[in-house]
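Some labels on a structure need a reason behind them. The questions below ask for those reasons.

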Amino acid sequence: MFEKILVANRGEIAVRIIRACKELNIRTVAVYSEADINSMHVQLADEAICIGKAQSSDSYLRIDRLISAAEIADVDAIHPGYGFLSENAHFADVCENCNIRFIGPNSQAMNALENKAVSRALAKKAGVPVPPGSDGIVENEQEALATSKRIGYPVIIKAIAGGGGRGMRAAHNDISLVKGYHTARSEAEAAFGNSAVYIEKFIENPHHIEIQILGDTRGTILHLGERDCSIQRRNQKIVEETPSPLIDNKFKDLRKKIGKAAVRLAEIAHYTNAGTVEFIVDDHGNFYFLEVNKRIQVEHPITEEVTGIDLVKQQILIAMGEPLRISERDIHFRGHAIECRINAEDPFDEFRPSPGRIDMLYTPGGRGVRVDSHVYAGYTIPSHYDSLIGKLITFGKDRREAMDKMSRALSEYIITGIKTTIPFQQAILQDPNFRRGVYSTNFIDQLLGGARRDLIEEKA
Amino acid sequence: MDLKDIKAIIDLMKKNSISEFELEKQDFKIKLKRGFNGGPQLLPQDEGLQGYPVQHIPSASQPAPPSLPAQAASNDLEIRSPMVGTFYRAPSPESGNYVEIGSEVNPDTVVCIIEAMKVMNEIKAEVKGVVTQILLENAKPVEFGQPLFKIRPT
């Protein structure tokens with residue numbers, strides 16, 4: 001049994017992890033930058049250690065300081081959360097070398113799924129469909145052109161080390177391909193320190209369907225259903241739900257197929273702990289592997305609500321060496337869950353970040369409403385980190401109820417002093433296409449494409 | 001009157017070089033006195049109230065407060081930890097401490113070691129002055145930015 005866990009993260013996920021630890025009777029150590037001294041995770045943990053200045057590169061990404069903190073606090077394990085060092089194989093190695101358990105996948109799996117190009121190759125090997133594309137990294141312009149000719153336009157150029165929608169460019173012809181190839185590479189170099197790119201067929205307006213997997217150290221791997229994350233703005237997820245209305249309404253057999261594919265890939269990678277296998281699905285029900293996220297994800301709560309399984313606790317138990325006590329038979333999906341990511345951004349001003357002091361805060365409540373957030377009235381949101389201030393999750397017996405609760409909860413959610421995306425999400429929930437469950441990844445663009453501005457303003 | 005008010009009065013006294021302050025209200029009397037005593041003393045870190053005794057005077061006479069620490073001037077600099085680790089005052093358990101209160105330091109003087117991941121990091125003073133306070137005990141854990149020493153610059 002772990003006695004103490006260090007949470008190598010901040011914000012809402014640090015609070016989430018601390019809560020799971022407390023419920024398991026495990027003591028917690030928070031780490032924080034100087035900008036986060038008043039953050040909720042620091043208050044909730046049993047101990048807190050300052051690890052540097054505001055810049056993440058001088059604090060949350062400092063492996064030496066995290067390990068030092070873990071040593072002086074004498075912890076058994078580190079939970080890396082999401083983002084930061086959660087998918088950093090070197091960090092996982094350093095932890096193990098220092099006798100600190102890393103709560104995440106083992107090094108072998110991390111390496112097998114090291115980057116998008118490698119994962120794509122492994123998926124192929126596992127018989128999982130991948131979008132037609134290059135065989136690994138595209139080394140130069142000529143190769144880019146040849147690949148695109150072979151698979152046919154439109155194509156998408158992607159950074160192998162990319163994330164958050166950066167280092168990606170779509171191309172519809174040779175001219176935009178060459179331009180996009182070079183731009184994607186420079187962007188990738190700047191953002192991730194790695195300019196390597198690969199090319200895939202660009203499936204236009206796909207649906208983003210991902211599968212939650214859990215693997216224990218004995219080799220048992222399960223999937224816990226899908227999440228539909230097609231509601232995205234600039235490749236950032238805004239609203240997620242499970243089950244996917246696309247699958248329920250149109251392609252019922254896809255659930256089993258995609259689930260099986262995800263598990264097969266995880267098995268071949270000898271995956272352990274929690275992970276998410278992402279797929280894109282086209283309008284004809286064809287699905288293609290995208291990538292594996294080797295960590296707990298932001299939107300994990302919706303899976304928890306429909307399965308009744310606490311994913312963060314499972315992560316901790318798996319890391320402790322416990323075998324999965326749930327079997328496929330035990331996984332029952334009940335009801336419908338939706339999550340809205342509440343960001344401190346102004347939807348009326350190009351989603352400009354809105355850091356600052358929260359004046360008044362009233363969080364929604366009632367049956368089937370869950371708020372995962374670290375903010376409080378009087379808290380000043382620092383400007384150095386992402387703008388996620390909380391997640392609003394609703395659970396209903398069916399999609400209709402979950403949506404109605406979400407609209408109700410959004411209307412109750414009061415945050416003053418800063419701008420938030422709440423009015424924007426309210427507009428999404430009221431949109432007739434969203435309510436019908438008919439949407440793909442171009443939904444937000446269409447919503448914002450002019451005609452809907454009045455709707456958003458109305459809901460403010 | 002609460003602690004906040006008392007701290008505010010003390011700050012005002014410091015700022016205006018007032019050495020004595022007395023206030024009497026209906027059933028409450030407070031007297032604040034800035035004392036100066038010679039001799040080095042180690043005090044546990046107590047922000048804002050170091051060296052300032054607060055006396056409640058229910059009756060006319062009160063014994064003198066216990067000896068006060070050497071008065072730290074308000075322009076003393078702090079040496080703060082640049083890393084997370086364990087603080088050691090000496091290079092090894094058998095050696096003497098790097099510095100004591102009253103020790104003179106130069107920018108290159110090693111004042112302590114912070115051990116992180118089995119590596120002993122020598123921490124330099126980076127200023128020229130005299131050590132006026134040692135803010136934590138040997139072998140205690142330190143976090144980033146934690147104050148270690150107070151130095152009066154010369």
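Q: When does a residue count as buried or exposed?
A: Count the other C-beta atoms within 10 Å of its own. At 20 or more the residue is buried, and at 12 or fewer it is exposed. The counts here come from a predicted model.

Q: Why is A:Asn25 called exposed?
A: A:Asn25 has 9 C-beta neighbours inside 10 Å. The cut-off for exposed is 12 or fewer. So A:Asn25 counts as exposed.

Q: What is noted about phi of A:Asn25, and where does A:Asn25 sit?
A: Phi is positive, about 65°, although A:Asn25 is not a glycine. The residue is in the loop between H1 and strand E2 (27–33) of chain A.

Q: Is A:Glu350 buried or exposed, and how do you know?
A: A:Glu350 has 8 other C-beta atoms within 10 Å. Exposed means 12 or fewer, so A:Glu350 is exposed. Phi of A:Glu350 is also positive, near 55°, in a residue other than glycine. A:Glu350 lies in the loop between strand E15 (345–346) and strand E16 (352–353) of chain A.

Q: What makes A:His79 buried?
A: A:His79 has 30 other C-beta atoms within 10 Å. Buried takes 20 or more. A:His79 is therefore buried. The residue lies in strand E4 (residues 77–79) of chain A.

Q: Which residues are in contact with A:His79, leaving aside its neighbours within four places in sequence?
A: They are A:Ile5, A:Val7, A:Ala8, A:Ile17 and A:Ile103. Contact here takes C-beta atoms within 7 Å. For A:His79 and A:Ile316, the C-alpha atoms are separated by 8.2 Å. Those two residues are 237 residues apart along the chain.

Q: How are two packed helices described?
A: By the angle between their axes and the distance between the axes.

Q: What are those values for H1(A) and H12(A)?
A: Helix H1 (residues 11–23) and helix H12 (residues 311–319) of chain A pack at about 65°, with their axes 9 Å apart. Their crossing is right-handed. H1(A) brings A:Arg16, A:Ile17, A:Ala20 and A:Glu23 to the contact. H12(A) brings A:Val312, A:Lys313 and A:Ile316. By class, the contact of H1(A) with H12(A) has four nonpolar, no polar and three charged residues.

Q: Why is H7(A) called oblique to H8(A)?
A: Helix H7 (residues 141–151) and helix H8 (residues 174–192) of chain A pack at about 135°, with axes 10 Å apart. Roughly antiparallel needs an angle over 145, and roughly perpendicular runs from 65 to 115. The rest, outside the roughly parallel range under 35 degrees, count as oblique. H7(A) is therefore oblique to H8(A).

Q: Which residues meet where H7(A) and H8(A) pack?
A: A:Glu141, A:Ala144, A:Leu145 and A:Ser148 in H7(A) meet A:Asp174, A:Leu177, A:Val178 and A:Tyr181 in H8(A). Their classes are five nonpolar, one polar and two charged. The crossing is right-handed.

Q: What makes the peptide bonds before A:Pro154 and A:Pro243 stand out?
A: The bond from A:Tyr153 to A:Pro154 is cis, with omega near 0°. A:Pro154 lies in the loop between H7 and strand E6 (155–159) of chain A. The bond from A:Thr242 to A:Pro243 is cis too, with omega near -5°. A:Pro243 lies in the loop between strand E11 (236–242) and helix H9 (245–249) of chain A.

Q: Where are the domains of chain A?
A: The domain assignment gives domain 1 (4–103), domain 2 (132–201) and domain 3 (207–459). Taken over C-alpha atoms, the centres of domain 1 and domain 2 of chain A are 35 Å apart.

Q: What does chain B contain?
A: Chain B has one helix and 11 strands. Of its 154 residues, 23% count as buried.

Q: How many residues does each chain give to the contact of chain A with chain B?
A: Chain A gives 12 residues and chain B gives 10 residues. On the side of chain A, strand E3 (47–52) and helix H3 (63–72) each give two or more. H3(A) has the largest share, seven residues. By class, that side has six nonpolar, two polar and four charged residues.

Key
Residues numbered from 1 in each chain as written. Chains lettered and ligands numbered in written order. Predicted model: local features only at pLDDT ≥ 70, side-chain atom pairs only at ≥ 80, totals over all residues. Domains from an automatic or database assignment. Axes fitted to C-alpha atoms, helices over the stretch in contact; angles between N-to-C directions. Helix = DSSP H or I, 4+ residues; strand = E, 2+ residues; numbered from the N terminus. Left-handed = near helix turned anticlockwise from the far one by under 90°. Contact = placed C-beta atoms within 7 Å. Nonpolar A, V, L, I, M, F, W, Y, C, P; charged D, E, K, R; others polar.
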